[in-house]
Amino acid sequence: MTLKETKAIRSWGGVVREPHFVAAPARRDGVGDVFDAAAGMDKTLLAHGLGRSYGDSCLSPGNVILETRGLDRFIAFDRDTGILRAEAGVSLGEIMRVTVPYGFFPHTTPGTRFVTLGGAVANDVHGKNHHVAGSFGENVRAFGLLRSDRGEVTVTPDSEPELFRATVGGLGMTGIITWVEIQLVRIASSNIEQEIFAIKSLDHFFEVMEENTPKFEHTVAWVDCTARKDELGRGVFTGGNWSSDGVLEPHRTGMLNAPFTAPGFALNPLTLKTFNSLYRWRQLSKAGRSKVPYTSHFHVLDAIKNWNRLYGKRGFFQYQSVIPFSTAKEATREMLTLIAESGQGSMLAVLKTLGPIEGRGWLSFPREGVTLALDFQNKGQKTLQLMNNLDKIVSAAGGRLYPAKDGRISADMFQSGYPDWQRVETLRDPAISSSFWQRVSQS
Amino acid sequence: MPKHYVILGATSAIAVATARRLATKGHKLTLLARNSSALQEIEDDLRVRGAEIASSHAFDLAQETGQAAILEEIAQTGGPIDGLLVFYGILGDQARAETDPAHARDILQINFNSAVDWILPAAQLMEAREQGVVLTISSVAGDRGRRSNYVYGAAKAGLSTFMQGLAHKWAAMSKELRAVNVKLGFVDTPMTDHLDKGGPLWAKPEGVAVSIERALEKGGPIVYAPWFWRWIMLAIRMTPNFVFKRVNI
């Protein structure tokens, strides 16, 4: 097998667009050949699914990318127990389309359904129900892992406890995930009973969360990053519970598309303020209780395909932190103040409390506390400087950042946030690496 | 009403995309393909997606004999055949075919002769019941011979003409008998991996599968997928030879 260098590959943020050697095996038994091809070229290998990681954890310029989307077959689904096994390139959206009619749903879903099973495991993704359900790894019963040194290994929490903890949230470093078996949860309806209301300030956010977290299985808040002073932290709260109305309809596949890349000047402090005001107004126009299909509750980001193009040619950074409750209020206030003053606010800033169920992986991001997710248009040094300043606040407050969102974190910041990282490095498949890992594993 | 569809070449990318759509509707499928391990993977996938798998058979469809007996057995196991879908084929290598007659014969055998070997006995079974659909995957390459692929083009032209004739015969017999020939343009599949892809003319298997499913349900006798190829090929067929001979396609 020879691999030709193809055009630039980008991640969701689009800051880095570099050429990679690409292999897209059509079947599981073709994955081994890609290991051989990479070794023959003296290159490292990295799995790449739907490319929804924002930064460089799914990139490895000049090296070999193994696209997993050809591994898109279901293997087994027990319609009584809700145990599902599928190849690593199957997306959560495809799973929902198959299982919802039988009253089963993934036990958690991130804000997009365009995530492969392999990616969901490798990033131990979380969703609006983290406070009660934990992250994606909770429902993982087993997976197949192809390694250059051991061949195909079937990993379960019991059979390979170390490899399991290294791979869940392990950013693809421990081998190529070829299939995954998950336990789905029962749903009595495909609809969500949703409630939306305004949050007036940051203090109010904490009150709202304390009062409403026990009431809703799914919670999230959107924050207007352009608001300052008394209005700092104002936003919109959304809570939801599965309905019991018995309707079991999977989502439709069509969606709007952002057809072109917006010019760089489209986002400036003025348009940002306008967008945030409009978004707040639009959300609050839906205030109150309503019943909505699951996808409009969970997959807000999927409403517009390729929405990332709206950030222009230079792309954007995501920044997601989690900070323990003890220091969360003050640290969040400092961060939002810093952002509002910088005028580099983000369009979709999300604030949410995470629950006590710890991730099963050594590099699982979620932990009990408050998580804030932001995106910043890439304006070069200015943007990097802002994020470095945010890092200081997060570090001082004992928090850490989400690797799936990151494209610039320092090795120090990563290593102090993830003290077990060296255990993953020890179990890393020597044939595998990524830009992200190259950067954060430096001593 | 679930139907019983027999899919020849079930592991091809376009067959898989089509079969997945049929699976979602709960149809009963019989799958035939050469590679048994790939076939097993696809069988599992389709079952999870909602299909009932009547049976699956792994052998070389282009070299097989005794098609009539196999089809009767399939009808015994899975019930009368409502549709026969012929997906397998090879693109071949034009340059090699010009100097290697065995390769040229392979292209014709796989894409044309062997397809006829399957369709004729299936048509007999359908005629006996006065209902059924035969759907074949042909190519716009058969619409006008071109220097880049005329052996493949000739095989597909043969298949297209054969299907046109069957459709003509059946039109006089029963509304419940349909022969549908789907002519595809460029589709991004492993069969075309050696070509440079991209641009507005390239379709995805999932996209053409939508057209194929629609054609299976109510189309015929000639369906272009995507639709714009009808007009592209009309223009190409109408191009006078003194112009066409200068065009390098």
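Modeller: Two strands pair if DSSP finds at least two bridges between them. Helices (H or I, at least four residues) and strands (E, at least two) are DSSP runs, numbered from the N terminus. In chain A, strand E5 (residues 74-78) and strand E6 (residues 83-87) pair in the antiparallel sense over four bridges.

Colleague: What should I know about the model and its numbering?

Modeller: This is a predicted model, where local features need pLDDT of at least 70 and side-chain atom pairs count only at pLDDT 80 or more, while totals for chains, interfaces and linings use all residues. Residues are numbered from 1 along each chain as its sequence is written, chains are lettered from A and ligands numbered from 1 in the order in which they are written, and side-chain values use heavy atoms, leaving out hydrogens and water.

Colleague: In E6(A), which residue is the bridge partner of A:Phe74?

Modeller: A:Phe74 has A:Ala86 as its bridge partner in E6(A). The hairpin of E5(A) and E6(A) has four residues between the strands, and there A:Gly82 takes a positive phi near 75°. E6(A) is also joined by five bridges to strand E10 (residues 176-183) of chain A, and these two run antiparallel. A:Glu87 has its bridge partner, A:Trp179, in E10(A).

Colleague: How do I read a strand order, and which strands of the sheet E1-E2-E4-E3 in chain A stand at the edges?

Modeller: In a regular strand the side chains alternate between the two faces of the sheet. The order E1-E2-E4-E3 belongs to an open sheet of four strands in chain A, with mixed pairing. Strand E1 (5-10) and strand E3 (45-48) of chain A each have a single partner strand, so one side of each is left without a neighbour in the sheet. On average, neighbouring strands of this sheet are turned by 50° against each other, direction ignored. Within the sheet, E3(A) pairs with strand E4 (residues 64-67) of chain A in the parallel sense over four bridges, and A:His48 stands opposite A:Glu67.

Colleague: What lies across this sheet, and how is its direction given?

Modeller: Axes are lines fitted to C-alpha atoms, for helices over the stretch in contact, and angles run from 0 to 180 degrees between N-to-C directions. Contact means heavy atoms within 4.5 Å. Helix H1 (residues 31-40) of chain A lies across strand E2 (17-23), E3 and E4 of chain A, and runs at about 170° to E4(A).

Colleague: What is the strand order in the seven-stranded sheet of chain B?

Modeller: That open sheet has the order E3-E2-E1-E4-E5-E6-E7, with parallel pairing. Its edge strands, E3 (52-58) and E7 (222-225) of chain B, each pair on one side only. From one strand to the next the twist averages 15°. In chain B, strand E5 (residues 132-139) and strand E6 (residues 177-184) pair in the parallel sense over eight bridges, with B:Ile137 opposite B:Val182.

Colleague: How much area is buried between chain B and chain A?

Modeller: Buried area is the accessible area (1.4 Å probe) that two parts lose on being put together, summed over both. Here it is about 1,100 Å², and carbon and sulfur atoms give 43% of it. B:Glu41, B:Val48 and B:Arg49 lose the most area in chain B, together 51% of what that side buries.

Colleague: How many salt bridges are there between chain B and chain A?

Modeller: A salt bridge is a side-chain nitrogen of Lys or Arg within 4 Å of a carboxyl oxygen of Asp or Glu. The count between the two chains is three. B:Glu41 forms a salt bridge with A:Arg73, where the closest N and O atoms are 3.8 Å apart.
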